[in-house]
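Let us read a model together, one feature at a time, with a learner asking and a teacher answering.

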Amino acid sequence: MDIHEYQAKEILAKFGVPIPKGALAYSPEQAAYRAREIGGKLWVVKAQVHTGGRGKAGGVKLCRDEDEVTDAADELLGKKLVTHQSGPAGKIVYRLYVEGGVAIARELYLGFVLDRKSERIMVVASAAGGMEIEDIAEEKPDSIVRISVEPAVGMQAFQARELAFALGLAPAQTQQAVSTILGCYRAFEELDATMVEINPLIVTEDGSIMALDAKMTFDDNALFRHPAIAELRDKSQEDARETRANDRGLSYVGLSGNIGCIVNGAGLAMATMDMIKLAGGEPANFLDIGGGATPERVAKAFKLVTSDANVEAILVNIFAGINRCDWVAEGVVQALEKNPVKVPVIVRLAGTHVEEGRRILARSGLPIIRANTLAEAAQRAVIAWKNDKSADLKVVNA
Ligand code: GDP
Ligand code: MN
């Protein structure tokens, strides 16, 4: 789960990371009021959206007086911000963060990620901050320093000092840099984050260290341990299809193809997507309905998949181990009888009680296209989708 910059800053500040003075605003008037509260002569109005690259996309505005703050807020609120990270759909700006402007002497990069290969937290830093880490890796690879943390002992002060030294910080800044780096590490570790990124971490003109931007991502599977973090979820920033699925306990990832997938098991769902591609189609989603695959879950899955307007065929692929194909078949039939779908439905059942499951589908009289193997199912789905499409075209052309 991602959170907003202002939320990440609030969390990191509790772990001793210095941040500029700032406050949240939902309207231009409130933004101006916040600027007055903060004081000073320079402010930054920042769009709060779950994506990076806001600066280049016009989502970060430097303002010199209250009128400029009002105008910047007016322009940003309700706007769809499309950055090179957001995807073409962009993210809508509903919240703004107003910050006191800071005079920057240097911009550094500081990141914490989970390195799955070494099973450790990896700390990444670079003196070439302000640009994306991918660009730094491409243009200034030598500037990147990495430190991996031994999980049994956690990050050590000497490691943070090494990073501060590699970043070329003066002795006067070392202490502050060390407590900032260790603070980020503790936040990452204690709150089950999967990513903490400060870009840029700055040295101000008067020589202090400050996090000017902050990004945090959390492990969804650990959120139950951190209810206060779970509450920070902002559904307005998520794919509506995924939010709906999450709320129903289904594991769903929206994609851009036309063949909707309803599968039990993540591995089988991945394999199903591969087979659809191999057969010349594009999956509309990844959907794992879980091992249970009860009639209720199947019905929910149908609702979810058909709510995506791009879906032009649906492939149901169930492998019943503990589950039973006849129950799943009942579920599919009930779901389709209650809410008929307008697109071709292809069902492949395998495993326990498969014969009875197939008989139930056949007896239902529903226009279900049946398949025995995964390859067959994917091919039939793609063919049915293409035929259905050309039939639609014929109607349009008639
Ligand atoms: P991002 O583009 O989404 O990563 O947003 P950032 O919060 O990193 O802001 C983008 C850029 O705006 C930073 O790299 C800074 O160069 C600039 N910026 C942000 N806040 C300030 C500030 O207080 N003063 C100045 N001078 N520049 C700022
Ligand atoms: Mn940034």
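The dialogue below turns to a ligand, a metal ion and a helix.

Q: What kind of model is this, and how are its residues numbered?
A: This is a predicted model, in which local features need pLDDT of at least 70 and side-chain atom pairs count only at pLDDT 80 or more, while totals for chains, interfaces and linings use all residues. Residues are numbered from 1 along each chain as its sequence is written, chains are lettered from A and ligands numbered from 1 in the order in which they are written, and side-chain values use heavy atoms, with hydrogens and water left out.

Q: Which polar contacts does ligand 1 make with R54 and V102?
A: A polar contact here is a pair of N or O atoms within 3.5 Å. An oxygen atom of ligand 1 is 2.7 Å from an N or O atom in the side chain of R54, and a nitrogen atom of ligand 1 lies 3.0 Å from a backbone N or O atom of V102.

Q: Which protein donors does the manganese ion have?
A: Donors are N, O and S atoms within 2.8 Å of the metal (3.2 Å for Na, K and Ca), and sites may look incomplete because water is not among the atoms. For the manganese ion, ligand 2, the protein donors are N199 (O) and D213 (OD), lying 2.2 Å from it. The two are 14 residues apart.

Q: Are N199 and D213 buried or exposed?
A: Buried means under 20% relative accessible area, exposed over 50%, and partly exposed in between (1.4 Å probe, protein chains only). N199 is buried, because its relative accessible area is 10%, and D213 is buried at 16%.

Q: Which residues of helix α11 are buried?
A: Helices are DSSP runs (H or I, at least four residues), numbered from the N terminus. The buried residues of α11 include C325, V328 and L336.

Notes: A polar contact is a pair of N or O atoms within 3.5 Å; within protein, one must be able to donate a hydrogen and the other to accept it, and residues adjacent in sequence count only if both atoms are side-chain atoms.
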